[in-house]
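Thanks for coming. I have one structure to go through today, and I will take the sheet, then the charged pairs, then the overall numbers.

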Amino acid sequence: MLHDAIFLFICVSKPAGFRPAAGFRKEFFIMSTTVSDYFGSLVFDDRVMRAKLPSSVYDSLKKTIDEGAALDTHVANAVAAAMRDWAVEHGATHFTHWFQPLTGVTAEKHDSFISPSPDGGVIMEFSGKELIQGEPDASSFPSGGLRATFEARGYTAWDPTSYAFIKGHTLCIPTAFCSYGGEALDKKTPLLRSMQALNKQALRVLKLFGNEDVKCVRPCVGPEQEYFLIDKDMYEKRKDLVFCGRTLFGAKPPKGQELDDHYFGVIKPRVEAYMEDLNQELWKLGILAKTEHNEVAPAQHELAPIFSVANIATDHNQLTMEIMQKVASRHGLVCLLAEKPFAGVNGSGKHNNWSLATDTGLNLFKPGDTPYENAQFLLFLCAAIQSVDNYQDLLRLSVATAGNDHRLGANEAPPAVISIFLGDELTAVLDAIENDAPYSGTEKTVLKLGVHVLPKFTRDTTDRNRTSPFAFTGNKFEFRMVGSSDSIACANIMLNASMAETLKEFADKLEGVTDFESALHDLIKEAIKAHKRIIFNGNGYDDAWIKEATEKRGLLNLRTTPDALATILEKKNVDMLTSLKVFSEAEIRSRYEICLENYCKTVNIEGLTMVDMARKEILPAVESYLADLSGTVAAKSAAVPGLACKYEKDLITKLSALVDEIDAATTALDSTLVRLKAVPDVTDAAYVIRDVVLQKMAELRVVCDEAETYTAAKYWPFPTYGDLLFGVR
């Protein structure tokens, strides 16, 4: 105890760089170091730049970050030198341009800081040129036809709006990634373009309301991240988890999530230790991890951050997923980010909370206290409604993956039909405006915008709707369709772009009018009337709603990835995305090809894995059990002549039939996958997968899962759902 007490006393004012000696208990070190002491300690953030850069360099860089001003070469060199010195002080030996190619994960190529010196030693160098631009091989990343295999040159370009950080011994510089010809080969570049387009059009609208002091409008995002934690030893015994990230077989265990006892339940010690470790790693990288809790399904959890600007939130979410998996390994766990890793229980999503904020601190989705503030709020609200209705297909395709197809429409995720939840009060306000009728709430007058005050609209006046794909939650929208393994860049690109297009249309109509208030009122009324079909406050899981949405309201029901992706090639979508310069036509086509190819490859790998597991593990296991059962019957019959052995014989009959069914289903799936190879066009292949391959996979799974329920536990070749879902204690 004295040993620990002395250490605690010393650590209250520990010197910089102090490390506890072996034998000191970790909890005392944590007690002595507050989060504020180490938060962002591995980030070259504004605090570090102020301290390390000359004031003139700092001011110039801030102008580049805040206003998009050109970056001076001398400033870049000074920033590079300061960044290098800071990184080396923190133990870094290498640097990398950290980027997000169209693989869905991040990429990095490490170069050391060392340069030879004349005396045979080395010096640590890092230039402004190396900071601003890199040249990774572009030929091996997905390009969707933008690049030929022999055309290898590509460029990475520094994104100064996203802070550099240290990971391990490497300084990571967030960058965009483009081809030699300038085509975007990543997710960051279109996201930044969409933010730029949204900023331009939002400023036009705000100036109509007299907001001359606003210089920038930024989309802000807070992505909630759901995930599963399972035991690493069990994970390694299942080929489907290793190869596919999700289970392809598994009978339902006696207990699932029926009791709802896991949701917000007491966090198990092993999981709590993981979460504590994860938080510390994230906080050191300046990631605002805020909330942690158990989710509904056994072994499922959630992490939610505080809002940040969309491109930074995207970078942070990519980092979060990587670190979640690395930290899990240290704890003997595996973090599963697949959308539907287990059949029969909730899958995992990534709720994308999206809002618009000005540089003056105004949330554009928050009602105000004056007539003009409320009119402005209603205009931006109606712009969101119109953009979601007009571009519901783009929002759906932004979350379209093979994994998310299994999740959407299940009992924990919104359906594939896009709709907006506003709540009863705000819906009533819009109805009153549309009909020039008295509002039934506290304000009993006809609502003429700019003349009468909107009735006081406070947060949480209605219940949340967890079944809605796009729900207004007081001062933001929650886009709940994003899959847990997805990059949030895609969803936010489409949200930003569709909103920018609608605001452009609104600004074009309102600029130059003689009676602004009347024109504004008419515009909002027209938008409500034209797009109210997208508003639905009821149960999104109800089959009656899907029928109403598609048959009466004319909303899209794009149930599968091939259905959704095809819509990006429609003229209205191509025209909008190209006119705003978010994508070129070639880039749109490339994304279509890449996403479809990824869909095909993902399902093909899953199909091949199922065939492999069925033939090499499941069938031999069942046959082995059958052989032992037959031996038991023979032994019993020899010992007691005439003994019926009904149990064993009935089981042998059942399992023998299942073996034949498994073999037939495996052969059918294998043959289908072989035929799939002969389909040259990726679009045709995707529809074959949708219509044939997935059905064959489902048929094989049904008989294998049934066989599991009849096979003795010691014979089953890999951990069961019961083992996986309840194995972390």
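Let me start with an open sheet of four strands, which come in the order S12-S13-S11-S15 with antiparallel pairing. The edges are strand S12, residues 289-294, and strand S15, residues 333-336, and each of these pairs on one side only. On average, neighbouring strands in this sheet are turned by 30° against each other, with direction ignored. Before I go further: this is a predicted model.

Now the middle of that order. Strand S11 covers residues 225-231 and strand S13 covers residues 300-305; the two pair in the antiparallel sense over four bridges. If you want a residue to find the register by, take glutamine 225, which stands opposite leucine 303 in S13.

Which helices go with the sheet? One is helix H11, residues 269-284, which lies across S11, S12, S13 and S15. Helix H11 runs at about 165° to S12. Helix H12, residues 310-330, also packs on the sheet, and the strands touched by H12 are S11, S13 and S15. The direction of H12 makes about 155° with that of S15.

Next, charged pairs. How many salt bridges does a search of the whole structure find? The count is 44. I will go through three of them, and then a network.

The first one on my list belongs to the region we were just looking at. Aspartate 231 and arginine 270 meet through their side chains in a salt bridge, at 3.1 Å from N to O. Aspartate 231 sits in strand S11 and arginine 270 in helix H11, so this pair ties together parts that are 39 residues apart in sequence. Is aspartate 231 buried or exposed? Aspartate 231 has a relative accessible area of 11%, so it counts as buried, the limit being under 20%. Its partner, arginine 270, is at 25% relative accessibility and counts as partly exposed.

The next pair is aspartate 508 with arginine 204, whose side chains form a salt bridge at 2.7 Å, N to O. Here the link is between distant parts of the chain: aspartate 508 is in helix H17, residues 489-510, arginine 204 is in helix H8, residues 188-208, and the two are 304 residues apart. Aspartate 508 is partly exposed, with a relative accessible area of 43%.

Staying with helix H17, there is a local pair. The side chains of lysine 509 and glutamate 505 meet in a salt bridge at 3.4 Å, N to O. Lysine 509 and glutamate 505 are separated by about one helical turn, because they are four residues apart in helix H17. As for exposure, lysine 509 is partly exposed at 38% relative accessibility, and glutamate 505 is partly exposed too, with a relative accessible area of 31%.

And the network: Asp46, Arg50, Lys62 and Asp66 are joined into one by salt bridges that share partners.

Last, the overall numbers. The protein chain has 25 helices and 19 strands. Of its 729 residues, 53% are buried. Take the contacts between residues at least 6 apart in sequence: 74% of these join residues at least 24 apart. The protein chain exposes about 31,300 Å², and carbon and sulfur atoms supply 55% of that area.

That is what I have. Questions are welcome.

Key: Residues numbered from 1 in each chain as written. Predicted model: local features only at pLDDT ≥ 70, side-chain atom pairs only at ≥ 80, totals over all residues. Heavy atoms only, no water. Pairing = 2+ DSSP bridges. Axes fitted to C-alpha atoms, helices over the stretch in contact; angles between N-to-C directions. Contact = heavy atoms within 4.5 Å. Salt bridge = Lys/Arg side-chain N within 4 Å of Asp/Glu carboxyl O. Buried < 20%, exposed > 50% of the residue type's maximum accessible area, 1.4 Å probe, protein only. Areas by Shrake-Rupley, 256 points an atom, 1.4 Å probe, with all protein chains shown as cover.
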